[in-house]
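Hi,

Here is the structure I promised to pass on. Have a look at it first, and then read my notes below.

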Amino acid sequence: MDAKSFREFGKAAVDFVADYLENIRDHDVLPSVEPGYLLEQLPKQMPESPEDWQNILTDIDRVIKPGITHWQSPNMHAYYPTSVSYPSIVGEVLASGFSVIGFSWICSPACTELEVVVMDWLARFLKLPAHFLHETEGPGGGVIQGSASEAVLVAVLAAREQAVRREREKHPEMSESDIRGKLIAYSSDQSNSCIEKAGVLAAMPIKLLPASEDYILRGPTLKAAIERDVAAGYIPVICIATLGTTGTCAYDDIESLASVCEEYRVWLHVDAAYAGGAFALDECAELRRGLDRVDSLNFNLHKFMLVNFDCAAMWLRDANKVVDSFNVDRIYLKHKHEGHTQIPDFRHWQIPLGRRFRALKVWITFRTLGAEGLRAHMRKHIDLAAQFEGLVKADSRFELIAPRALGLVCFRAKGDNEITSQLLQRLMERKKIYMVKAEHGGKLFLRFAVCGMDPKPTDIEFAWTEIETQLTALAAEQQVDTRKPGEIADLTQHLTGLQLTHETLQR
């Protein structure tokens, strides 16, 4: 493909994407395909000769698009939002065009330095403590990771290595393997699965402590667990708290957890993958309480900031602790400016060596939308969730399972769990909206998250109509199913009579 064909293909692809996003409401949010549908439609080997891009784009519409779950649809209400915006898409295209691998400053100075700039912009926007800014004197700063999973794993691994070094100095008689065998970490039973996975990858057990009835993990629970483990000879390493838990968007009590972590020299990491964006809102200032006492935190721009996946911000109070844990240098990685400036080589702050130029799409998005545009986007999600919450409260057949939090409403149909389960099954079969279920304290409930590129009040009304009419239909079916045989016969005769009357009238 030459530059001329690239221009034609690129322009056609941009039109394809713009048309897709503009008309996304025309599609059911869930695809109507079965497992293996694509394997049966595509050849078993790559083509021997080049194909025209026009045919490829046609096949994208013919076989790829039917298998897409439409995450940018306003009828997507599962999980949490995964953002995108036109500026972010442009930034992704430009970054792909430059195609740099910015593992060190010399590999592309703009890649490293723009990341320093946008991470400080974002820290100020979110009103984070000053020690998380690169420009502040000290070892703190921010870095863009691929996902919250990566950020949590980096924190867990760094905390682990710091604990091992500290214990070896404190107990020289113990072998390193003995020390590693005694390490233990903590989180809430409401935390994301990536936290448990980080423990598996780090070969360090992570205890999932029971949250309170309000889904919040507090200091006394952590303190009791640490005291038990210390008495049993274990070495506490890290606590991963959550601001915006996966199930209900609950906020762990950072202040009380920080007090315990400081007492026992335990690393405190905050996973704010979803709720972190609300740090920027004055009405959500309470969420920032205690952040000045944490060692690290992460927030996904691809959830609440209109920057497409993958793009997760992570801040460290002392980045040297991560660098010391991950630093593996080779002569071919060195350059003459290394160590002579305060500009970081971000390869030491992450697991991979190579780095994508993610800062470019962040920079373009921030400049195009501005801080006021980003705040307006988040407030819109919150307002739409409040609209949905009001509809739930107004219908006596439903109940809220937790307080509304940002753009998430957790609710259920009153009665047995089976009612909520069957309601979700009906909704999934119809594919008009998409939600997922969760469970706590023996109660099954549905999570309604405001998602999509540009959700509107009419989309909330559409979703609620779909939900309440399907519950009505479900209740009608169950009423028929519970009738006695004689009652069903009477009902059948009644319906038959109605049908005959209708036919007679038609004649």
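What follows is a quick tour of the sheets, the helices that pack on them, and the nonpolar cores. Keep in mind that this is a predicted model.

Let's start with the sheet of 7 strands. This sheet is open, its pairing is mixed, and the strand order reads 1-7-6-5-4-2-3. The edges are taken by strand 1 (141-145) and strand 3 (206-209); each has a single partner strand, so one side of each is left without a neighbour in the sheet. On average, neighbouring strands here are turned by 20 degrees against each other, ignoring direction.

Inside that sheet, strand 2 (residues 183-188) and strand 4 (residues 235-242) run parallel and are joined by 5 bridges. If you want a pair to click on, Ala185 has Ile238 in strand 4 as its bridge partner. Helix 7 (residues 193-201) lies across strands 2, 3, 4 and 5, and runs at about 155 degrees to strand 3.

Now for the other sheet. It is open too, with 4 strands in the order 8-9-11-10 and antiparallel pairing. Strand 8 (398-400) and strand 10 (436-440) sit at the edges with a single partner strand each, so one side of each has no neighbour in the sheet. The average turn between neighbouring strands, direction ignored, is 40 degrees in this sheet.

Strand 8 pairs with strand 9 (residues 408-413) in the antiparallel sense over 3 bridges, and Leu400 has Phe411 in strand 9 as its bridge partner. Helix 12 (residues 358-394) packs on this sheet: it touches strand 8, strand 9 and strand 11 (443-449), and its direction makes about 20 degrees with that of strand 9. Helix 13 (residues 417-430) lies across strands 8, 9, 10 and 11, at about 35 degrees to strand 11.

On to the cores. In soluble globular proteins, nonpolar side chains tend to be buried together. The largest nonpolar core in this model has 81 residues, and the members touching the most others are Leu126, Leu301 and Trp315. Helix 12 supplies the largest share of this core, with 8 residues.

What does Leu301 touch, leaving aside residues up to four places away in sequence? Its contacts are Ser83, Leu122, Leu306, Val307, Cys311, Ala312, Ala313, Val362 and Phe366. Apart from the largest core lies another one, of 35 residues, including Val156, Ala159, Val323 and Phe346.

That's my list; shout if anything is unclear.

Cheers

Conventions: Residues numbered from 1 in each chain as written. Predicted model: local features only at pLDDT ≥ 70, side-chain atom pairs only at ≥ 80, totals over all residues. Heavy atoms only, no water. Pairing = 2+ DSSP bridges. Helix = DSSP H or I, 4+ residues; strand = E, 2+ residues; numbered from the N terminus. Axes fitted to C-alpha atoms, helices over the stretch in contact; angles between N-to-C directions. Contact = heavy atoms within 4.5 Å. Core = buried A, V, L, I, M, F, W, Y, C linked by side-chain atoms within 4.5 Å. Buried < 20%, exposed > 50% of the residue type's maximum accessible area, 1.4 Å probe, protein only.
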